[in-house]
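Okay, thanks for making room for me this morning. I'd like to walk you through one model, so have it up on your screen while I talk.

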Protein chains: 2
Amino acid sequence: MEKTSFAQMRCSLARTLDLVGDWWTPLILRDLFLGVGRFDDLVEDLGISRNLLTRRLKALQARGLAERHAYQTRPARFEYRLSESGRDLVPALLALMAWGDRWAAPAEGSPILFRHDGCGQTCLPRVTCSGCGEPLTAANVTALPGPGGAARDGTRVVARRLAGQR
Amino acid sequence: MEKTSFAQMRCSLARTLDLVGDWWTPLILRDLFLGVGRFDDLVEDLGISRNLLTRRLKALQARGLAERHAYQTRPARFEYRLSESGRDLVPALLALMAWGDRWAAPAEGSPILFRHDGCGQTCLPRVTCSGCGEPLTAANVTALPGPGGAARDGTRVVARRLAGQR
DNA sequence: AGCATTGAGTTCAATAATGTAACTGACGAT
DNA sequence: ATCGTCAGTTACATTATTGAACTCAATGCT
């Protein structure tokens with residue numbers, strides 16, 4: 001009766017969630033991105049319990065999203081940093097933040113803004129098509145069966161539908 | 001000793017996770033987007049237990065991300081659909097899927113592809129700056145304090161750092 | 001009419017995950 | 001010699017998730 005793993009599902013969203021979908025994990029990644037990487041700072045910033053933070057950080061290292069670096073010896077002290085794959089996840093986190101700004105922002109306004117250094121402006125992250133650069137929406141994208149599709153747990157019905165059967 | 005709520009945190013990512021960050025919830029939203037909206041179809045597709053699906057669907061309705069529609073009467077039968085805010089979340093889910101395609105894809109390749117109807121091409125969702133259209137990365141965005149920032153649980157340390165104190 | 005089937009859930013018991021709080025242990029500072 | 005900091009552990013209570021069986025109303029089949 002283990003918690004169901006999404007790792008074997010034939011769906012890239014499921015596999016992503018298996019790696020970073022745990023409660024607290026995206027917030028930890030956000031903090032690492034923002035430069036909050038020490039154990040006690042994370043505890044204070046998030047209000048997460050210490051034992052759970054320990055487990056999450058170990059899992060993030062095991063999964064390759066974060067790395068543990070000693071920033072001093074005697075006494076040995078460590079901080080956590082994003083790995084390459086962790087940094088690559090940041091834009092997706094920004095997209096989730098942008099949704100929160102639109103649909104769940106506090107009355108006081110956005111707590112954190114982001115500046116795009118390229119153009120210097122405070123920006124809204126948008127999800128766009130790599131081909132033409134236009135914004136993607138639920139209304140203008142169509143799902144197609146991919147090469148790795150299969151009717152397994154996680155996409156049993158979806159795979160049938162995409163294949164055109166029922 | 002309740003599960004910690006992220007709803008009151010002064011961070012749009014935390015507030016987003018409070019609404020859709022539960023285990024299974026993003027996969028349910030994916031299925032609703034793909035047109036799998038009936039109770040038994042969701043159970044079969046995902047392999048989720050029925051009582052948990054009941055809870056998740058009720059929560060999604062309560063939070064305004066999904067709606068319950070009768071598609072026939074006598075006998076009364078229902079299906080779930082994305083609301084406006086739920087549809088608006090789809091691009092962020094696509095961004096997460098794109099990350100999974102890069103970092104956690106099965107050997108067989110992407111299970112599902114998406115076509116952007118505007119340009120007709122199979123596309124990679126990218127997160128870009130609304131101002132200039134360039135892709136956002138962890139390296140080219142800088143966090144700034146926003147109007148709703150506050151040193152509360154969730155951003156206690158981050159808010160201090162952004163404000164320039166330590 | 002009698003019985004199996006379908007859709008949309010409930011109920012129940014066992015196991016896993018999370019939260020709270022106190023504790024450890026190696027230093028360094030007063 | 002004691003206090004404080006950092007980076008965790010340990011123990012225990014409370015929720016969550018799982019798996020399986022069960023309900024209930026309305027048809028469809030024979």
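I'll go from a single chain to the pair of chains, and then to the DNA.

First, some housekeeping. This is a predicted model, so please keep in mind that local features need pLDDT of at least 70, side-chain atom pairs count only at pLDDT 80 or more, and totals for chains, interfaces and linings use all residues. Residues are numbered from 1 along each chain as its sequence is written, while chains are lettered from A and ligands numbered from 1 in the order in which they are written.

Let's start with chain A. Chain A has six helices and five strands; those are DSSP runs numbered from the N terminus, with helices being H or I of at least four residues and strands being E of at least two. Reading from the N terminus, the order is α-α-α-α-β-β-α-β-β-β-α. The C-alpha trace of chain A spans about 65 × 45 × 30 Å along its principal axes.

Now find the hairpin. Strand β1 of chain A, residues 66-72, pairs with β2(A) in the antiparallel sense over six bridges, where pairing needs at least two DSSP bridges between the strands. One example: A:His69 has A:Glu79 in β2(A) as its bridge partner. Four residues sit between the two strands, and in that turn A:Arg74 has a positive phi of about 50°. Right there, A:Arg74 and A:Pro75 are joined by a cis peptide bond, with omega about -10°. A:Pro75 belongs to the loop between β1 and β2 of chain A. Over in the other chain, B:Arg74 and B:Pro75 are also linked by a cis peptide bond, omega about -10°.

Why flag these? Because most residues other than glycine have a negative phi, and most peptide bonds are trans. On that note, have a look at A:Trp24 too: its phi is near 85°, a positive value in a residue other than glycine. You'll find A:Trp24 in the loop between α1 and α2 of chain A.

On to the pair. How do the two chains relate? Chain B superposes on chain A by a rotation of 180° with 0.0 Å of shift along the axis, RMSD 0.1 Å (a least-squares fit on the C-alpha atoms of residues with pLDDT of at least 70 in both copies). That is the relation of a two-fold axis. If you want to spot the axis from chain B, B:Val127 has the C-alpha nearest to it, 2.2 Å away.

At the interface, 91 residues of chain B are in contact with 92 residues of chain A, contact meaning C-beta atoms, placed from the backbone, within 7 Å. On the chain B side, α5(B) gives the largest share, 17 residues. By class, that side divides into 47 nonpolar, 25 polar and 19 charged residues. For the classes, Ala, Val, Leu, Ile, Met, Phe, Trp, Tyr, Cys and Pro count as nonpolar, Asp, Glu, Lys and Arg as charged, and the others, Gly among them, as polar. And 100% of the interface residues of chain B are also interface residues in chain A, so the copies meet through the same surface.

Strands cross over between the chains as well: five bridges join β3 of chain A, residues 112-116, to β5(B), and the two run antiparallel. In there, A:Arg115 has B:Thr142 as its bridge partner.

Finally, the DNA. Which residues come closest to strand C? Of the 23 residues that surround DNA strand C, the closest are A:Ser49, B:Thr4, B:Arg38, B:Asn51 and B:Arg77; near means a C-beta atom, placed from the backbone, within 6 Å. Elements giving two or more residues to that surface are α4 of chain A, plus α3, α4 and β2 of chain B. The surface near strand C has seven nonpolar, five polar and 11 charged residues.

For DNA strand D there are 24 residues around it, and A:Thr4, A:Arg38, A:Arg50, A:Asn51 and B:Pro75 come nearest. So keep an eye on B:Pro75, which is found in the loop between β1 and β2 of chain B. The residues near strand D divide into eight nonpolar, five polar and 11 charged.

That's my tour; happy to take questions.

Terms used: Two residues are in contact if their C-beta atoms, placed from the backbone, lie within 7 Å.
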